[in-house]
Amino acid sequence: MGAIEEGAKKSGVLWVHLDRPRLAWHIWHDGAIYLVTGGGEQNLPGLDQRDSVRVTLRSKDNGAELVVFDAGVEVVDQAQAAEAVAALAKERLNTPDAAGLTDRWADTSTVVRLTP
C-alpha cells in the first residue's frame, strides 16, 4: 500500500491547499479521495473549479506530515458514482438529516474526487 493510500485510509481528515490550507474530512474509495463541499457541508471555496490541488496528509497519531502530493480534481456526477457517494455519506458524522443526506447533497453540494 502506498503512502497516499495508507495515509488517506488511516485518517479521516486532510489539508487541501486552496486560498489557504483548509481542513477537510474525506474517504478513500476505489483508488481516490472523495469529499463533499458546499450546501451546509465543509466550505472548500473554488475546489470544484480547479484541475489540480495540493493535498497534505498528516498522521492521525501525532499530526506529523506523512505525504504532500498534487491531485487531479474532478467533480463527481453523484448519480453515476452512487457507491462512492454512499460510502462518503456513511462516514459523515453528526449530520442532522442522515436519511436524506445524499438527496441534500445532490441538490445543494458538490462531491469531488481527488486522484493522486
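The paragraphs below lead through this structure, from the confidence of the model to its sheet, its helices and a few single residues.

The model is a predicted one, and it is sensible to begin with how confident the predictor was in it. Averaged over the chain, the pLDDT is 91, and 99% of the residues score at least 70. Confidence is highest in strand E7, where the mean is 97, and lowest in helix H1 (residues 3-10), where the mean is 90. As a general rule for reading such models, predicted coordinates should not be read in detail where pLDDT is low.

The sheet is a good place to start looking. Seven strands build an open sheet, and if you follow them across from one side to the other the order is E2-E1-E5-E6-E7-E4-E3, with antiparallel pairing. The two edges are formed by strand E2 (21-25) and strand E3 (27-29), each of which pairs on one side only. On average, and with direction ignored, neighbouring strands of this sheet are turned by 40 degrees against each other.

Beginning at the E2 edge, we find that strand E1 (residues 13-17) pairs with E2 in the antiparallel sense over five bridges. Three residues lie between these two strands, which together form a hairpin. To see the pairing at the level of single residues, look for Val16, which stands opposite Arg22 in E2.

Further along the order comes strand E7 (residues 110-115), which pairs with E4 over five bridges in the antiparallel sense. Two of the residue pairs can be named here: Ile33 has Leu114 in E7 as its bridge partner, and Val36 has Val111 in E7. Strand E7 also pairs with strand E6 (residues 65-75), again in the antiparallel sense, and this time over four bridges; in this pairing, Glu74 has Arg113 of E7 as its bridge partner. Strand E7 is mostly covered, with five of its six residues buried. Across E2, E3, E4 and E7 lies helix H2 (residues 82-90), which runs at about 150 degrees to E3.

Now turn to Thr37, which belongs to strand E4 (residues 32-37). Is Thr37 buried or exposed? Its relative accessibility is 7%, and because buried means under 20%, Thr37 counts as buried. Its side chain has polar atoms facing two backbone atoms: a polar atom of the Thr37 side chain lies 3.0 Å from the backbone oxygen of Gln42, and a polar atom of that side chain also lies 3.0 Å from the backbone nitrogen of Leu44. If residues up to four places away in sequence are not counted, Thr37 touches Gln42, Asn43, Leu44, Ser109 and Thr110.

The edge strand E3 holds another residue worth finding, namely Trp28. With a relative accessibility of 19%, Trp28 counts as buried, because the cut-off for that word is under 20%. Leaving aside neighbours within four places in sequence, the residues in contact with Trp28 are Ile4, Glu5, Ala8, Lys9, Ile33 and Pro116. The C-alpha atoms of Trp28 and Ala87 are separated by 9.2 Å, although these residues are 59 residues apart along the chain.

In the loop between E3 and E4 you can find Asp30. At 72% relative accessibility, Asp30 counts as exposed, because exposed means over 50%. What is the sign of phi in Asp30? The angle is near 50 degrees, which is a positive value in a residue other than glycine. For comparison, most residues other than glycine have a negative phi.

Finally, consider the aromatic rings. A search of the whole structure finds one aromatic pair. This pair is formed by Trp25 and Trp105 and is tilted, with 6.4 Å from centre to centre and 40 degrees between the planes. Why does the pair tie together parts that are 80 residues apart in sequence? Trp25 lies in strand E2 whereas Trp105 lies in helix H3 (residues 101-108), so the pair links these two parts of the chain. Both Trp25 and Trp105 are buried.

Technical notes
Residues are numbered from 1 along each chain as its sequence is written. Side-chain values use heavy atoms; hydrogens and water are left out. Buried means under 20% relative accessible area, exposed over 50%, partly exposed in between (1.4 Å probe, protein chains only). A polar contact is a pair of N or O atoms within 3.5 Å; within protein, one must be able to donate a hydrogen and the other to accept it, and residues adjacent in sequence count only if both atoms are side-chain atoms. Contact means heavy atoms within 4.5 Å. Two strands pair if DSSP finds at least two bridges between them. Axes are lines fitted to C-alpha atoms, for helices over the stretch in contact, and angles run from 0 to 180 degrees between N-to-C directions. Rings of Phe, Tyr and Trp (its six-membered ring) pair if their centres lie within 6.5 Å; planes under 30 degrees apart count as stacked, over 60 as edge-to-face and the rest as tilted. pLDDT is the predictor's confidence in each residue, from 0 to 100.
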